2 protein chains.
Amino acid sequence: VTYCLALRLDEGLLFMSDTRTNAGVDNVSTFRKLHVLRPREDRAFVLQSAGNLATTHEVLDRIDRDLAGEGENLATVSRLFEAALYIGGIGQQVVASHRAALGDAASATFIFGGQIAGERPEIYLLYPEGNYIRASDTVPFLQIGEAKYGKFFLELAVRAHVDLALAGKIALSAMMSTARANLSVGPPYDAAVYLNGSLEMQEVRIEATSPYLTELADVWSEELLQAIHALPPIPDELRVL
Amino acid sequence: VTYCLALRLDEGLLFMSDTRTNAGVDNVSTFRKLHVLRPREDRAFVLQSAGNLATTHEVLDRIDRDLAGEGENLATVSRLFEAALYIGGIGQQVVASHRAALGDAASATFIFGGQIAGERPEIYLLYPEGNYIRASDTVPFLQIGEAKYGKFFLELAVRAHVDLALAGKIALSAMMSTARANLSVGPPYDAAVYLNGSLEMQEVRIEATSPYLTELADVWSEELLQAIHALPPIPDELRVL
C-alpha cells in the first residue's frame with residue numbers, strides 16, 4: 001500500500017510519505033511518493049501519490065513535459081485549485097490511456113498542496129476521477145493509502161494546535177505506527193515542510209537506520225505506558241473485578 | 001460494522017464488544033454482541049460475534065437447543081478446542097441453510113473463549129469456514145470487525161504486561177478510539193472478565209452516558225498531549241525547520 005499525510009497548520013504545511021512499494025509480498029522496493037514541484041518562483045508545490053506507481057511516474061513526466069510547452073501547465077495556472085484540477089486531469093488522461101490493458105488498476109490518488117503567491121496555502125485530495133476536496137478547517141489534514149492507523153495521531157495534533165516542529169514528530173509517530181501495523185508501509189520517510197509565505201519547500205528524508213526513529217519510538221512507547229497508568233480507575237459501580 | 005476484542009493475560013481473560021448494528025446508515029440499532037455461556041458448572045465461555053446479526057442469533061439459538069438434546073453440545077465437549085469447532089460447525093450450518101437466499105452475506109466471524117476445568121483458559125478466533133486459530137503467546141489478543149483503530153492500544157497493553165484492571169481501561173480506550181473513527185461502532189460497551197480458574201464470568205455494560213467514559217476520554221487526551229510534548233526534538237541533521 002502506501003501512507004501519505006498532509007497537515008495544514010497555522011504556521012504552514014507539513015507533508016509526509018513512506019517509500020515502500022510492492023507488487024505482491026515478494027517484490028518489495030523503495031520509491032519516492034513525495035515530489036516537490038517548483039515550476040515558477042511565485043509558487044511551491046508538493047505532490048504525493050498512492051495507487052499505481054506507473055501512473056504516478058507518467059503523471060510526473062507529463063507535468064514536466066507540459067512545463068516545456070505552450071499549453072496550460074503548473075507555471076501558467078493562476079490559482080491553486082486550477083493546479084489541482086490540472087493534475088487531476090493529467091491523472092485521468094494517463095489512466096484512460098492504459099484502461100484497455102489495466103482497467104481501473106491504473107488509478108492513483110494524490111495529495112497536492114502548496115502555495116501560489118497571493119493565495120492562501122492549501123492542501124487538496126485529488127480523486128482518480130480528477131476532482132478534488134480541500135482539507136477543512138475542523139479537520140485540517142488529509143491522508144491517502146493506509147490511513148486508519150495514523151488518523152488518531154493527526155487528530156491529536158489538530159486538537160493540540162501544534163506548531164510545525166511538533167507536527168513533524170506526530171507525523172513521524174503516525175508513520176511508524178502505520179508501518180508497524182502494515183508491512184506494505186515502510187521507511188525511509190520523506191517529509192516536506194512549507195512555511196506560509198516562504199514560497200520554498202524544505203525537504204528531508206528520514207532513513208530506516210536513523211537513530212532518531214528508534215529514540216522517538218522508545219520515548220513514545222514509554223510516555224504512552226505512563227499515560228495508561230494515569231487513566232482513572234474503573235469506578236465501583238462498573239467494576240467487574 | 002462491529003468491534004470485538006479479547007485479551008488473554010497472565011491473570012485471566014478480558015472480552016469487550018460494542019453494541020451498534022446497522023443495515024445502512026439510516027437503520028442503526030443496539031444489539032448485544034458479547035454473550036456469556038455457562039452450559040455446565042465446570043466451564044464458562046464467552047462468544048463474541050461480527051458479521052450477519054441474524055446468523056449470530058440463529059447460532060445462539062441452535063447452541064441453546066442442542067444443550068437440551070442428546071447430541072454433542074457445549075456441555076458435552078471435553079476440550080475447549082472441541083467447543084470452538086462445535087460452534088464453528090454450527091456457524092457453517094446456519095450460513096449454508098441461508099446461502100440460497102443470501103450467498104456469503106450471511107457469514108459471521110466469532111471470538112470464542114473461556115475455560116473448561118483442568119484446561120488452560122484460551123481465546124479463539126472462529127472463521128466463517130468453521131476452523132479456528134488461537135491467540136499466540138507473543139500476540140495474546142484477538143479482534144474481529146473494525147480492528148485497525150484499536151490494535152495499537154492492545155499492542156501497548158501487551159507490551160506493558162498489564163493486569164486485568166488496567167487492561168479494562170486500555171480496552172475501553174481502544175473501543176472509544178474505534179467508535180470515534182467509525183460511526184458503525186458505538187456504545188454501550190459490553191465487557192466480560194474471567195479470572196483464571198474461577199469458572200465464573202463477570203459481566204458489565206458501560207452505557208454511552210457513563211460519566212466514566214467521558215472522564216477516561218478527557219484524561220487520555222490530556223496524557224497523550226503531554227506524551228507528544230515529551231517526544232525528543234528532531235535533530236539538526238534531519239531538521240527542516
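In the predicted model, B:Asn73 has a relative accessibility of 2% and therefore counts as buried, the limit being under 20%. This residue is found in the loop between helix 1 (53-67) and helix 2 (80-102) of chain B. Leaving aside neighbours within four places in sequence, B:Asn73 is in contact with B:Asp66, B:Leu67 and B:Tyr86.

A second buried polar residue, B:Gln115, has a relative accessible area of 8% and is found in strand 7 (residues 108-116) of chain B. The side chain of B:Gln115 reaches two backbone atoms: the oxygen of B:Glu119 at 2.7 Å and the nitrogen of B:Gly197 at 2.9 Å. When residues up to four places away in sequence are not counted, B:Gln115 touches, among others, B:Asp42, B:Arg43, B:Ala44 and B:Phe45. The residues it touches also include B:Tyr194, B:Asn196, B:Gly197, B:Ser198 and B:Leu199.

Elsewhere in chain B, strand 1 (residues 3-8) and strand 10 run antiparallel and are joined by five bridges. Within this pairing, B:Tyr3 stands opposite B:Gly145 of strand 10. Strand 10 (residues 141-145) of chain B is mostly covered, as four of its five residues are buried.

Attention now turns to the helices of chain A. Helix 1 (residues 53-67) of chain A contains 15 residues, and the distance from its first C-alpha to its last is 21 Å, close to the 21 Å expected at 1.5 Å a residue. The buried residues of this helix are A:Thr55, A:Thr56, A:Val59, A:Leu60, A:Arg62 and A:Ile63. Because these residues cover an arc of only 165° around the axis, they lie on the same side of helix 1 of chain A. An α-helix has 3.6 residues a turn, so residues three or four places apart point the same way. The buried residues of helix 1 of chain A pack against strand 5 (34-40), strand 6 (43-51), helix 2 (80-102) and strand 7 (108-116) of chain A. The face turned away from the buried side carries the exposed residues A:Ala54, A:Asp61, A:Asp64 and A:Arg65. At the start of the helix, a side-chain oxygen of A:Asn52 comes to within 2.9 Å of the backbone nitrogen of A:Ala54.

Helix 5 (residues 211-229) of chain A has 19 residues, which should span 27 Å at 1.5 Å a residue; the end C-alpha atoms are 28 Å apart, in agreement with that value. The buried residues of helix 5 of chain A include A:Tyr212, A:Leu213, A:Leu216, A:Val219 and A:Trp220. Also buried in this helix are A:Ser221, A:Glu223, A:Leu224, A:Ala227 and A:Ile228.

Two alanines of chain A were also examined. A:Ala84, located in helix 2 of chain A, is buried, with a relative accessible area of 0%. Not counting residues up to four places away in sequence, A:Ala84 touches A:Phe112, A:Tyr124, A:Leu126 and A:Tyr132. Although A:Ala84 and A:Asn131 are 47 residues apart along the chain, their C-alpha atoms are separated by 8.1 Å. A:Ala157, in helix 3 (residues 148-159) of chain A, is likewise buried, with a relative accessible area of 0%. With the same sequence neighbours left out, A:Ala157 touches A:Val162 and A:Ile170. A:Ala157 and A:Pro128 are 29 residues apart in sequence, and their C-alpha atoms lie 28 Å apart in space.

A pair of aromatic rings is described by the distance of the centres and the angle of the planes. A search of the whole structure finds 11 aromatic pairs over all chains. In one of them, the rings of A:Tyr124 and A:Tyr132 have centres 5.1 Å apart and planes at 85°, so the pair is edge-to-face. A:Tyr124 is buried, with a relative accessible area of 4%, whereas A:Tyr132 counts as partly exposed at 24% relative accessibility. B:Phe153 and B:Trp220 form a tilted pair, with 5.5 Å from centre to centre and 45° between the planes. Because B:Phe153 lies in helix 3 (residues 148-159) of chain B and B:Trp220 in helix 5 (residues 211-229) of chain B, the pair ties together parts that are 67 residues apart in sequence. Both B:Phe153 and B:Trp220 are buried. Ring pairs further link A:Phe152, A:Phe153, A:Trp220, B:Phe152, B:Phe153 and B:Trp220 into a cluster.

Methods: Residues are numbered from 1 along each chain as its sequence is written. Chains are lettered from A and ligands numbered from 1 in the order in which they are written. This is a predicted model: local features need pLDDT of at least 70, side-chain atom pairs count only at pLDDT 80 or more; totals for chains, interfaces and linings use all residues. Side-chain values use heavy atoms; hydrogens and water are left out. The expected span of a helix is 1.5 Å times one less than its number of residues. Buried means under 20% relative accessible area, exposed over 50%, partly exposed in between (1.4 Å probe, protein chains only). Two strands pair if DSSP finds at least two bridges between them. The arc is that of the directions from the helix axis to the C-beta atoms. Contact means heavy atoms within 4.5 Å. A polar contact is a pair of N or O atoms within 3.5 Å; within protein, one must be able to donate a hydrogen and the other to accept it, and residues adjacent in sequence count only if both atoms are side-chain atoms. Rings of Phe, Tyr and Trp (its six-membered ring) pair if their centres lie within 6.5 Å; planes under 30 degrees apart count as stacked, over 60 as edge-to-face and the rest as tilted.
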